[in-house]
Amino acid sequence: MADTACCKKLVEDIGGWIKVYDDGTVERSPPPPEASQLATIIAPYDVPRNGVTVHDIRANPPLRLYLPEAAPLAGRRLPVLLHFHAGVFCLTDPTWSLYHCFYARLAASIPIAGIVSITLPLAPEHPLPAALAAGFAAIDWLRSLAQPGLLAEPVLEPTSDPVGKLKAVADFSRVFLIGDSNGANLVHHVAAGFNSAEPGYWGSVRLAGAILLNPGFSRSTPSRSESADVQLDPYVDYKLADRLLALALPKGATRDHPYIWPVRDDAAAAVLAMPPLLVSVATLDTMRDRQVEYCNVMRRAGKDVEVALSPGVGHMFYLNQGAPEPADEETAAHIAELIEAIRGFVGRRHGCVARM
């Protein structure tokens with residue numbers, strides 16, 4: 001009998017990142033040279049650097065934990081950020097320098113107990129909704145730490161265990177979801193689905209807000225900002241994105257699928273139980289028109305929506321710190337402004353409830 005293994009055919013080769021064969025097997029290659037700097041894996045460290053330690057947690061899904069070195073003010077418990085990374089549902093990892101530079105800085109810059117970053121299952125091996133399931137599993141992990149009565153306890157004594165450190169200072173009734181690009185799409189869906197669980201399922205865990213950083217909202221019919229003849233945004237390649245989306249979305253789905261355009265109309269948005277929203281919009285982001293449209297739809301539906309506008313910068317500009325060249329002065333200033341916007345949003349949201 002002939003060896004059929006040698007006869008499999010390559011059906012998709014996406015920029016050297018992913019190869020898909022006709023028998024369903026998938027091969028992943030190291031990032032191409034032009035992406036190698038951003039894809040540098042940052043090893044965890046328990047000796048503080050710039051006020052933060054970083055830890056990898058063996059959970060399902062695996063998690064990366066950023067812990068601020070600074071002690072809580074006046075012994076108050078602090079909120080937790082749960083992070084969903086970008087990558088068009090197919091690429092990148094939270095251990096990459098692409099994310100580390102910004103999220104380590106964010107953890108040290110605002111009063112939080114820590115940032116929990118999810119290692120999302122990637123398509124095509126794990127097409128959507130696998131990443132959504134991972135998001136809910138990560139909240140379930142937080143629930144396992146939030147024992148009944150814990151929030152009434154004062155901040156506990158420090159411990160050497162990173163999970164114990166998080167548990168000692170965290171206020172699990174103030175969890176904020178935060179996501180980059182298509183990770184922000186996941187944030188929308190997890191926030192919308194959180195209250196569909198049986199009453200009491202999440203225990204003392206509450207969503208205090210959702211932070212959508214340059215969300216990857218789009219539709220099959222391009223908006224004016226998506227139709228520009230010249231695309232200056234280094235993080236947006238529509239042809240590549242379409243090929244990746246074909247691997248992640250249900251077969252035959254288009255950019256009109258709810259995973260990409262989550263609010264069909266005002267009536268659909270009105271029935272969503274959403275926490276307060278902070279949406280980051282960069283004026284040179286080719287998806288900015290859809291991001292603004294999303295904000296307008298959600299506001300008309302009565303949701304609490306804040307917008308952090310960043311002029312003169314493009315998609316995921318705040319991750320520029322992980323690029324080979326440091327951010328220019330203007331971009332650096334906008335990154336600092338975004339961090340302050342997140343700080344203010346988190347600081348104003350205490351004990352908020354989802355708004356129908």
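**Reading rings, core and helix crossings**

User: Is Trp202 buried or exposed in this structure?

Analyst: Trp202 has 9% relative accessibility, so it counts as buried; the cut-off is under 20%. Keep in mind that this is a predicted model. Phe194, at 5% relative accessibility, is buried too.

User: How many aromatic pairs are there in the whole structure, and how are the rings of Phe194 and Trp202 arranged?

Analyst: To read a ring pair, look at the distance between centres and then at the angle between planes; planes under 30 degrees apart count as stacked. The search over the whole structure gives 10 aromatic pairs. For Phe194 and Trp202, the centres are 5.0 Å apart and the planes meet at 10 degrees, so this pair is stacked.

User: And what about Phe217 and Tyr294?

Analyst: That aromatic pair is tilted, with 4.6 Å from centre to centre and 40 degrees between the planes. Next, check where the partners sit along the chain. Phe217 belongs to the loop between strand S10 (207–213) and helix H5 (238–248), while Tyr294 is in helix H7 (residues 288–300), so the pair ties together parts 77 residues apart in sequence. Phe217 is buried at 0% relative accessibility, and Tyr294 is buried with a relative accessible area of 0%.

User: Which residues do ring pairs link into a cluster?

Analyst: Phe102, Tyr103, Phe317 and Tyr318 are joined into a cluster by ring pairs.

User: Which residues touch the most other members of the largest nonpolar core?

Analyst: A core can be read through its best-connected members. Here the largest nonpolar core has 112 residues, and Phe102, Tyr103, Tyr294 and Ile342 touch the most other members. Helix H2 (residues 130–145) supplies the largest share of this core, 8 residues.

User: Where do charged groups sit over rings?

Analyst: For this feature, look at the face of the ring. Lys8 lies over the face of Tyr21, 4.4 Å from the ring centre. Likewise, the charged end of Arg49 is placed over the ring of Tyr45, at 3.9 Å from its centre.

User: At roughly what angle do helix H1 and helix H8 cross?

Analyst: With two helices, read the distance between axes, the angle and then the handedness. The axes of helix H1 (residues 97–109) and helix H8 (residues 329–348) come within 10 Å and cross at roughly 50 degrees. That angle makes H1 oblique to H8. As for handedness, H1 passes H8 in a right-handed crossing.

Key:
Residues numbered from 1 in each chain as written. Predicted model: local features only at pLDDT ≥ 70, side-chain atom pairs only at ≥ 80, totals over all residues. Heavy atoms only, no water. Phe/Tyr/Trp six-rings, centres within 6.5 Å; stacked < 30°, edge-to-face > 60°. Buried < 20%, exposed > 50% of the residue type's maximum accessible area, 1.4 Å probe, protein only. Helix = DSSP H or I, 4+ residues; strand = E, 2+ residues; numbered from the N terminus. Lys NZ or Arg CZ within 6 Å of the ring centre and 35° of its normal. Core = buried A, V, L, I, M, F, W, Y, C linked by side-chain atoms within 4.5 Å. Axes fitted to C-alpha atoms, helices over the stretch in contact; angles between N-to-C directions. Parallel < 35°, antiparallel > 145°, perpendicular 65-115°, else oblique. Left-handed = near helix turned anticlockwise from the far one by under 90°.
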